Amino acid sequence: MKTDVAIVGAGPAGLSAALYLARRGLGVVVLDEYFRAGGRLAGQLYENPKKPPGQRLWDGKAIAEKLSGDVKKAGATILTGVSVWEIAPGSGVFISGGPCQKIAAKAVLIATGAAERAMPVEGWTIPGVMSAGAAQVFANVHGVLPGRKVVMAGIDPLSITVAGELKKAGVEVVGIFLPPPGILAGSSGLPQWVIGELSRSADMAPGTFLKMAGKLFGGSYREVGARLCSLAPANIWGIPLHLRKAVIRVEGEEQVDSVLTARISHDGKIEQEDCRIEADAVCLSGGLYPLTDLIAAAGCPLVSMPGLGGMVPLHGPLLQTQSKGVFLAGSVTGIEGAPVAIAQGHLAGVSIAAFLGRLGKGNRHELDRAVEMVGQAREESPLKFYPGADGARKELAALWDRWKINSAGGNYA
Amino acid sequence: MPDDKLIVCRCEEVTLDEIKKAVKDGASTVSGIKKRTRACMGMCQGRVCQSLVKKVLAHESGNQADSIETATSRSPVRPIQLGEII
């Protein structure tokens with residue numbers, strides 16, 4: 001199969017880029033492993049208080065359906081159930097499970113999104129234990145409850161959001177707990193660190209739960225200290241949030257039947273075993289990280305940016321990479337929400353059109369406008385997954401400039 | 001928590017204890033852990049456990065986890081059938 005642009009990932013970033021490029025008259029093939037386009041948009045439903053009244057509802061499923069419908073109408077091809085296993089810079093991508101083995105393309109957009117970080121607990125291989133994201137897909141996408149009585153381990157914006165959604169779906173969420181302290185949980189097992197992260201997210205993100213978390217933790221250090229001293233759980237949407245208790249073991253033979261919790265000291269040590277809680281499902285949350293294996297295998301260097309969720313591919317302000325003709329958009333560039341991914345997808349689309357000489361004279365302003373729109377989407381973002389994102393983006397831009405100067409490369413724009 | 005019971009790499013069923021032993025045996029990179037234990041070498045190719053392996057390496061050597069280099073990604077990055085590449 002031959003086309004102008006191959007796009008890996010039919011989530012918000014990939015679809016948004018496809019829409020722009022197809023409307024510009026370029027040949028576009030979008031590839032996704034899942035059986036349906038839309039990526040993680042499908043599971044999202046929330047109100048954004050930073051938007052004007054009347055525009056606040058974010059119905060991810062409806063947005064995904066509209067976007068993929070528009071992409072097809074604009075003339076792009078979407079292939080689902082297809083895995084991309086290699087990028088051949090300058091000549092396209094190799095695929096598995098599709099109608100052919102290679103999509104020959106002049107440019108490639110990597111919009112592979114994010115994956116969940118594992119958060120191991122003793123007994124986490126017992127059936128009934130799953131990641132927070134898996135539980136979200138069960139409940140919001142497939143309409144299947146992951147369990148009747150669920151325990152959440154790991155305290156972060158994602159786990160609290162999912163706990164709230166599960167409760168709305170009719171699940172009894174017994175509580176949200178710290179992960180077991182130790183090397184693998186690291187700082188996410190420390191009560192003080194968790195509170196710091198939550199309150200920093202709350203400052204930037206007045207979503208419903210975060211507003212409540214902000215009221216609880218966002219105040220003075222004294223309040224935070226008082227909250228830390230208390231063994232009583234905080235309360236979010238009627239769900240107990242335990243900042244001083246951890247899940248230390250999941251138990252069950254054929255499937256989960258209970259979890260063992262322990263009291264945790266201020267500095268994250270087990271004080272004493274607390275109690276055994278009956279549950280038929282356990283969700284584990286360790287946050288999200290950019291899914292970079294495809295772009296890394298193409299030879300793009302990765303840089304460590306904890307504020308963006310981990311290792312991210314080095315890229316420029318127009319979402320170009322060191323591999324000529326290979327571009328990025330969405331959470332693969334750093335963990336952010338779907339509205340930012342949509343704006344980045346559009347920017348990548350304009351950037352690719354410019355790279356292929358198809359932007360047209362007098363349309364350079366579209367690039368500047370697209371960059372501005374990404375900034376605006378960030379400002380309006382209701383949720384910060386990692387509080388240090390802005391600083392990390394600046395650092396990344398500086399690294400890109402240094403590479404450009406040193407290599408005299410990057411002659412794209 | 002007993003380290004010999006906690007599975008870190010689910011695909012290859014490698015425990016925390018085995019990874020710590022590999023570090024004591026001289027492994028200082030993700031690659032060194034892979035060669036000694038097969039952690040990160042199963043179906044998911046480390047998508048689940050690589051960040052955990054890095055944390056163990058960092059802890060045992062007294063460094064930050066993000067100072068440990070990510071293992072080199074190689075094609076094919078997804079499981080495919082032999083017939084698709086030959």
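Reader: Which residue of chain A forms a salt bridge with Arg47(B)?

Author: This is a predicted model, and every value here is computed from it. Chain A and chain B have 2 salt bridges between them. In one of them, the closest N and O atoms are 2.9 Å apart. The partner of Arg47(B) is Asp293(A).

Reader: How many residue pairs are in polar contact across the interface of chain A and chain B?

Author: The contact takes 29 residues from chain A and 30 residues from chain B. The pairs counted here have both residues at pLDDT 80 or more. The rule finds 9 residue pairs.

Reader: Which elements give two or more residues to the side of chain A that touches chain B?

Author: By class, that side of chain A has 18 nonpolar, 6 polar and 5 charged residues. Two strands and a helix meet the condition. They are strand S6 (83-88), strand S7 (92-96) and helix H8 (293-297) of chain A.

Reader: What area do chain A and chain B bury between them, and which residues of chain A lose the most?

Author: The size of an interface is often given as the accessible area lost when the parts come together. Here the two chains bury about 2600 Å², 60% of it on carbon and sulfur atoms. Three residues of chain A together make up 28% of what that side buries. They are Trp85(A), Ile183(A) and Leu184(A).

Reader: What span should helix H1 of chain A have, and how far apart are its end C-alpha atoms?

Author: Helix H1 covers residues 12-23, which makes 12 residues. At 1.5 Å a residue, H1(A) should span 16 Å. This agrees with its end C-alpha atoms, which are 17 Å apart.

Reader: Is H1(A) mostly covered or mostly open, and how many of its residues are buried?

Author: H1(A) is mostly covered. Among its buried residues are Leu15(A), Leu19(A), Tyr20(A) and Leu21(A). Just after the helix, Gly25(A) takes a positive phi of about 95 degrees. The buried count in H1(A) is 11 of 12 residues.

Reader: Is Gln344(A) buried or exposed?

Author: Gln344(A) lies in helix H9 (residues 338-355) of chain A. Leaving out residues up to four places away in sequence, its contacts include Leu319(A), Val374(A) and Arg393(A). Its relative accessible area is 2%, and buried means under 20%. So Gln344(A) is buried.

Reader: Which residues does Ala370(A) touch, not counting those up to four places away in sequence?

Author: Ala370(A) sits in helix H10 (residues 365-379) of chain A. At 0% relative accessibility, Ala370(A) counts as buried. Ser351(A) is 19 residues from Ala370(A) in sequence, and their C-alpha atoms are 9.0 Å apart. The residues that Ala370(A) touches are His346(A), Leu347(A) and Val350(A).

Reader: How many residues apart are Glu380(A) and Lys51(A)?

Author: Glu380(A) forms a salt bridge with Lys51(A), with the closest N and O atoms 2.9 Å apart. Glu380(A) is in the loop between H10 and helix H11 (389-407), while Lys51(A) is in the loop between strand S3 (45-47) and strand S4 (57-59) of chain A. Glu380(A) is partly exposed at 23% relative accessibility, and Lys51(A) is partly exposed at 27%. The pair links distant parts of the chain, 329 residues apart.

Reader: Which residue forms a salt bridge with Arg393(A)?

Author: The closest N and O atoms of this pair are 2.6 Å apart. Arg393(A) lies in helix H11 and its partner in the loop between strand S22 (326-328) and H9 of chain A, so the pair ties together parts that are 57 residues apart in sequence. Arg393(A) is buried at 15% relative accessible area, and the partner is buried at 14%. That partner is Glu336(A).

Reader: Which residue pairs with Glu12(B) in a salt bridge?

Author: Side chains of opposite charge can pair when their charged atoms come close. Here the closest N and O atoms are 2.9 Å apart. Glu12(B) is partly exposed at 29% relative accessibility. Its partner is Arg38(B).

Reader: What pattern does chain B follow along its sequence?

Author: Chain B has 3 helices and 2 strands. Of its 86 residues, 43% count as buried. Its C-alpha atoms fill a box of roughly 45 × 25 × 20 Å along the principal axes. Read along the sequence, the pattern is β-β-α-α-α.

Terms used: Residues numbered from 1 in each chain as written. Chains lettered and ligands numbered in written order. Predicted model: local features only at pLDDT ≥ 70, side-chain atom pairs only at ≥ 80, totals over all residues. Heavy atoms only, no water. Contact = heavy atoms within 4.5 Å. Buried area = accessible area lost by both parts, 1.4 Å probe. Salt bridge = Lys/Arg side-chain N within 4 Å of Asp/Glu carboxyl O. Polar contact = N/O pair within 3.5 Å; in protein donor to acceptor, adjacent residues only side chain to side chain. Helix = DSSP H or I, 4+ residues; strand = E, 2+ residues; numbered from the N terminus. Nonpolar A, V, L, I, M, F, W, Y, C, P; charged D, E, K, R; others polar. Expected span 1.5 Å × (residues − 1). Buried < 20%, exposed > 50% of the residue type's maximum accessible area, 1.4 Å probe, protein only.
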